[in-house]
Amino acid sequence: MLWDNIKNSLGGYFSMSEYLVTQQEAEASIREGVSFRGTNIIILVLAIFIASLGLNTNSTAVIIGAMLISPLMGPICGAGLAVGIQDFDLLRRSGRNLAAAAGFSVIASTIYFLISPVTEGHSELLARTSPTIYDVLIGFFGGGAGIVAAGSRSKGNVIPGVAIATALMPPLCTVGYGVATWQPQYFIGALYLFLINSVFIAVATFIGVKLMHYKPVQTSNPERARRVQKWIYSLAIITLLPSIYLTYNMLRESRFEINVDNFVEHECHWPDTRVVNVSTDWHSRGGSVITLTLVGRTMPRDSLVTALGSRLGYYNLANSSLSILQGDGPAEIGQNTSAKDVYEASQSIIAAKQKDIDSLRQVISYNTLVSAPELMPEVRVVFPAVRDLAITKAIFAKSDGGSTDSPSPTDTVNVALISVKGRFGREERGRLSKYLEARLRVRRVDVVEVPASDVSR
């Protein structure tokens with residue numbers, strides 16, 4: 001009892017009998033859109049130019065406008081209707097008009113891109129060259145919505161929405177771009193996407209016609225109808241198979257990118273160096289390359305590659321290789337690096353440089369003494385007997401028990417070499433040592449007297 005109530009309630013929601021127009025009205029609407037004569041061709045060519053402009057300038061709004069203008073849905077829905085009601089004359093006409101429309105579209109877009117000063121591909125253009133199983137589903141569900149709207153009393157905005165969702169115009173424009181720039185990857189990928197959309201919109205239309213129980217034409221040949229349906233099913237399967245393979249590769253590449261992000265997040269941390277850009281070159285058969293751009297303190301590249309490479313296997317990246325780019329400044333920062341990354345990288349560089357400067361200042365302060373020429377006038381006033389003066393640092397290496405094979409740590413001493421006139425005893429040398437210690441601000445200065453003859457040589 002409860003099940004019957006639920007079934008009756010749901011049936012009331014999904015029942016279409018009260019909302020459908022007659023088969024004759026629906027057929028007349030679809031057949032009208034099949035024709036490509038006069039204004040339809042002109043509108044199609046103008047829509048192609050608009051879509052090409054949108055792709056050239058990477059403007060989504062312009063592309064959507066072109067899809068709303070385009071009359072390409074008519075022949076595709078006509079082909080699905082023809083197979084469903086076994087009208088082979090309509091099927092031939094729909095196929096001929098669709099081929100003509102596609103041909104005019106490709107010619108128009110090729111001419112545009114031949115004369116366009118902008119020749120590089122933008123993101124909206126590139127997105128039309130790698131179809132997947134998701135494009136198959138979009139075409140199928142879009143075609144289903146289209147045939148339901150065609151047979152409904154209240155059509156609403158379904159047909160324009162289907163035209164936008166299935167995106168028939170951009171692939172044809174991209175085909176023209178591939179022809180104009182001699183890039184077969186654009187040509188093949190975009191043409192395949194257009195084929196996917198066309199075939200599965202037609203398949204969905206055919207299934208919708210069957211579900212709405214449209215009657216076949218009286219002159220139909222049942223045997224021929226079955227043969228045509230087999231061809232349609234075979235074409236749909238053949239069209240589907242490459243998209244499954246492309247989807248599989250897309251999912252593998254997506255997983256690869258996620259693994260790379262996890263690797264960088266958990267393994268690439270250093271005090272004075274940071275990663276500012278990660279680029280990947282993925283290959284389906286292995287041998288993918290991960291390139292890390294680092295800024296800050298330069299590290300030994302070979303050791304870094306070895307250390308990080310040993311960790312790739314933990315992130316399912318064992319078949320990938322690692323490339324390291326290092327620089328002292330933001331010159332190697334990637335084009336996609338944000339302003340925040342550039343600022344943080346610059347701060348890291350400044351901090352590392354400041355640490356180097358402070359360290360060098362300490363070394364200079366430790367190793368630099370006041371020069372002898374600066375001190376000599378003062379020394380002559382206090383110690384008139386001193387004729388020549390040299391001040392330096394000397395490093396003494398102590399031997400370990402007299403063994404020359406095992407030297408002990410070294411000692412650094414400050415030495416003042418003097419030559420004197422007359423007698424300069426131990427007491428005077430001690431006074432000079434104290435004077436120099438105070439003047440140079442060091443803990444100890446050893447005064448060594450050398451003969452005047454050695455100085456002159």
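1. Starting with the surface: helix α8 is the biggest contributor to the nonpolar patch, giving three residues. Keep in mind throughout that this is a predicted model. The patch is made by Tyr134, Leu137, Phe141, Met250 and Leu251, and its area is about 490 Å². Two helices, α8 (133-150) and α12, each put in at least two residues.

2. Where does Met250 sit? Its place is in helix α12. Buried or exposed? Neither, as the label goes: Met250 is partly exposed, because its relative accessible area is 32%, and partly exposed covers what lies between under 20% (buried) and over 50% (exposed).

3. Now compare Ser243, also found in helix α12. Ser243 has a relative accessible area of 0%, so it counts as buried. Which residues does Ser243 touch, once its neighbours within four places in sequence are set aside? The list is Thr132, Ile133, Val136, Tyr192 and Ile196. So if you're browsing α12 in the viewer, take a look at both Ser243, which is buried, and Met250, which is partly exposed.

4. Over on helix α11 (residues 184-211) you'll find Leu193. This one is buried too, since its relative accessible area is just 3%, and the cut-off for buried is under 20%. Leu193 and Thr239 are 46 residues apart along the chain, yet 9.7 Å separates their C-alpha atoms.

5. Next, the helix packing. Helix α12 (residues 222-267) also meets helix α6 (residues 88-115): their axes come within 12 Å and cross at roughly 35°. On the α6 side the contact is made by Phe88, Leu91 and Arg92, and on the α12 side by Arg224, Ala225 and Val228. What is the make-up of this contact, in nonpolar, polar and charged residues? Four are nonpolar, two are charged and none is polar.

6. Zooming out for the overall picture: the protein has 17 helices and six strands. Its length is 457 residues, and 40% of them count as buried. Take the contacts between residues at least 6 apart in sequence: 73% of these join residues at least 24 apart. As for the outside, the accessible surface comes to about 26400 Å², with carbon and sulfur atoms accounting for 59% of that.

7. To pull the α12 threads together: this helix shares the nonpolar patch with α8, holds the buried Ser243, and makes its contact with α6 through Arg224, Ala225 and Val228.

Note on methods: Residues are numbered from 1 along each chain as its sequence is written. This is a predicted model: local features need pLDDT of at least 70, side-chain atom pairs count only at pLDDT 80 or more; totals for chains, interfaces and linings use all residues. Side-chain values use heavy atoms; hydrogens and water are left out. Axes are lines fitted to C-alpha atoms, for helices over the stretch in contact, and angles run from 0 to 180 degrees between N-to-C directions. Helices (H or I, at least four residues) and strands (E, at least two) are DSSP runs, numbered from the N terminus. Contact means heavy atoms within 4.5 Å. Ala, Val, Leu, Ile, Met, Phe, Trp, Tyr, Cys and Pro count as nonpolar, Asp, Glu, Lys and Arg as charged, and the others, Gly among them, as polar. Patches are made of residues with over 30% relative accessible area and no salt bridge: like charges are joined within 9 Å, nonpolar side chains (Val, Leu, Ile, Met, Phe, Trp, Tyr) within 5 Å. Accessible areas come from the Shrake-Rupley method with a 1.4 Å probe; for residues, only the protein chains shown count as cover. A salt bridge is a side-chain nitrogen of Lys or Arg within 4 Å of a carboxyl oxygen of Asp or Glu. Buried means under 20% relative accessible area, exposed over 50%, partly exposed in between (1.4 Å probe, protein chains only).
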